Amino acid sequence: MKLDTSGLESAAPVWGAPSELVDGFSVAPSFEVPNTTDFDGFQKEAIQMVKPAKGTTTLAFIFKEGVMVAADSRASMGGYISSQSVKKIIEINPYMLGTMAGGAADCQFWHRNLGIKCRLHELANKRRISVTGASKLLANILYSYRGMGLSVGTMIAGWDETGPGLYYVDSEGGRLKGMRFSVGSGSPYAYGVLDNGYRYDMSVEEAAELARRAIYHATFRDGASGGVASVYYVGPNGWKKLSGDDVGELHYKYYPVMPSTVEQEMVEVAGA
Amino acid sequence: MARYDRAITVFSPDGHLFQVEYALEAVRKGNAAVGVRGTDIVVLGVEKKSAAKLQDSRSVRKIVNLDDHIALACAGLKADARVLINRARIECQSHRLTVEDPVTVEYITRYIAGLQQKYTQSGGVRPFGLSTLIVGFDPYSGVPSLYQTDPSGTFSAWKANATGRNSNSIREFLEKNYKETSGQETVKLAIRALLEVVESGGKNIEVAVMTKEGLRQLDEAEIDAIAAEIEAEKEAAEAAKKAPPKEK
């Protein structure tokens with residue numbers, strides 16, 4: 001088979017329109033070279049531009065009645081808001097949820113994959129996988145892809161034999177067990193509200209309101225978070241979506257517009 | 001038929017895997033092993049061939065543990081057993097590492113049986129020449145279990161079972177005399193079953209008991225004591241049988 005060297009032929013003709021003089025005279029074969037001076041570093045720049053700085057706010061916490069999971073729904077590419085209606089809470093199976101922060105495709109694919117593995121575990125072992133086991137499966141997969149550019153910052157929340165479970169797993173291969181987590185660019189703001197208002201014995205409504213408020217405050221201050229604040233509850237019978245409120249409307253609910261007293265009124269002056 | 005029992009395991013025209021069947025023969029020649037499940041305890045007993053005078057008997061343990069809560073006894077080729085046990089032990093730890101939970105008895109039995117099956121369907125290898133009795137308690141649920149695997153790679157759960165030499169007579173005895181027992185009663189039943197085919201005495205039997213707390217090997221003195229109890233019960237039963245007619 002003859003070697004295909006068409007890639008080496010220069011696409012552009014030499015200096016402008018071909019003329020009889022220049023015909024037949026072509027540039028030495030070479031492939032396209034990127035238009036940059038920094039050949040080693042230019043790719044890093046591109047990756048940084050594309051790499052979503054985990055522009056999002058997600059949070060989850062364990063309390064007396066179970067696990068509360070909440071997230072915003074904005075997707076941003078740099079300064080451009082690409083969507084206000086992204087589902088960031090992924091349903092792995094009827095009793096386990098995962099949150100999405102980082103690369104949307106990475107999170108969706110690997111959560112789906114985790115769901116498959118959990119189901120296979122159920123079929124083989126005739127019992128549900130524990131939240132510990134599921135989070136470990138995901139963490140081991142992400143660890144094996146370490147350094148290859150996956151961007152995943154997720155929380156696995158669920159209810160198993162041992163009660164409520166919450167783990168934070170990321171694409172660096174880290175895995176942490178905890179009672180309260182918030183992930184994303186809006187997480188500092190969410191932590192402020194969450195840590196302030198958290199008590200272990202809250203009712204489901206109180207916990208949902210705390211989660212909703214925390215997401216709202218994060219969307220208020222963080223430009224990369226916004227859209228709809230979804231709140232899910234995971235209890236002994238599985239997860240249930242509690243609410244999905246537009247954060248704009250939440251703002252006016254928390255800070256309604258007060259009619260201010262008028263000090264001076266402008267009066268219509270009749271004709272001069 | 002002679003042409004279908006070569007070194008690799010292939011089907012014969014009438015659907016037999018002769019290598020697997022020959023492996024079962026090897027098992028039938030091995031030491032008797034019996035397992036009995038109670039409500040809160042599982043007991044394993046193995047026939048011990050009299051140790052040579054100079055042999056250190058502690059190095060020929062027939063009942064081994066695969067993890068803190070799982071034990072195994074086998075009948076057949078002991079060298080094959082060593083290899084299988086090592087693989088099973090590694091799998092127990094690997095499972096703890098990947099799902100942060102100890103194995104269930106069913107899981108590790110499935111693994112061992114899977115391994116045994118693999119060697120009946122691979123080129124250039126022969127099947128493992130042993131049947132195993134696996135006992136243990138499941139983590140969290142605390143349910144006791146007894147499983148048996150064989151060279152073909154099949155496995156199933158049992159209330160009581162025997163393998164190795166004279167396993168048929170032991171199983172017959174168990175079928176006649178099995179009832180739900182617990183604690184020391186289960187131990188006695190297991191030893192009684194084994195004594196059907198083995199000479200009485202602590203020298204010839206190795207017994208281990210698995211409870212929720214773990215595996216405990218009974219020492220010779222204990223086994224002798226229980227064997228003596230059994231003997232006494234048997235004699236009392238014989239005497240009772242003979243006595244009433246005389247009283248009439």
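Hi everyone, let's start with one pair of residues: A:R213 forms a salt bridge with A:E209, and their closest N and O atoms are 3.8 Å apart. By salt bridge I mean a side-chain nitrogen of Lys or Arg within 4 Å of a carboxyl oxygen of Asp or Glu. Side chains of opposite charge can pair when their charged atoms come close. A:R213 and A:E209 are separated by about one helical turn because they sit 4 residues apart in helix α5 (residues 204–221) of chain A. Helices (H or I, at least four residues) and strands (E, at least two) are DSSP runs, numbered from the N terminus. Over all chains, this rule gives 23 salt bridges.

A quick word on the model: it is predicted, so local features need pLDDT of at least 70 and side-chain atom pairs count only at pLDDT 80 or more, while totals for chains, interfaces and linings use all residues. Residues are numbered from 1 along each chain as its sequence is written, chains are lettered from A and ligands numbered from 1 in the order in which they are written, and side-chain values use heavy atoms, with hydrogens and water left out.

Now, where the chains meet. How many salt bridges are there between chain B and chain A? The count is 2. In a salt bridge between the side chains of B:E100 and A:K136, the N to O distance is 3.4 Å. On the chain B side, α2 and α3 (105–118) each give two or more residues to the surface touching chain A. By class, that side has 4 nonpolar, 2 polar and 4 charged residues. Here Ala, Val, Leu, Ile, Met, Phe, Trp, Tyr, Cys and Pro count as nonpolar, Asp, Glu, Lys and Arg as charged, and the others, Gly among them, as polar. The contact (heavy atoms within 4.5 Å) takes 10 residues from chain B and 14 residues from chain A.

Finally, let's use those classes again. The lining of the largest pocket has 11 nonpolar, 10 polar and 13 charged residues. A pocket, on a 1 Å grid over the protein atoms alone, is an open set of points where a 1.4 Å probe fits, with protein on both sides within 12 Å along at least five of seven lines; lining residues have an atom within 4 Å of a point. α2(B) gives the most to this lining, with 6 residues. Thanks for listening!
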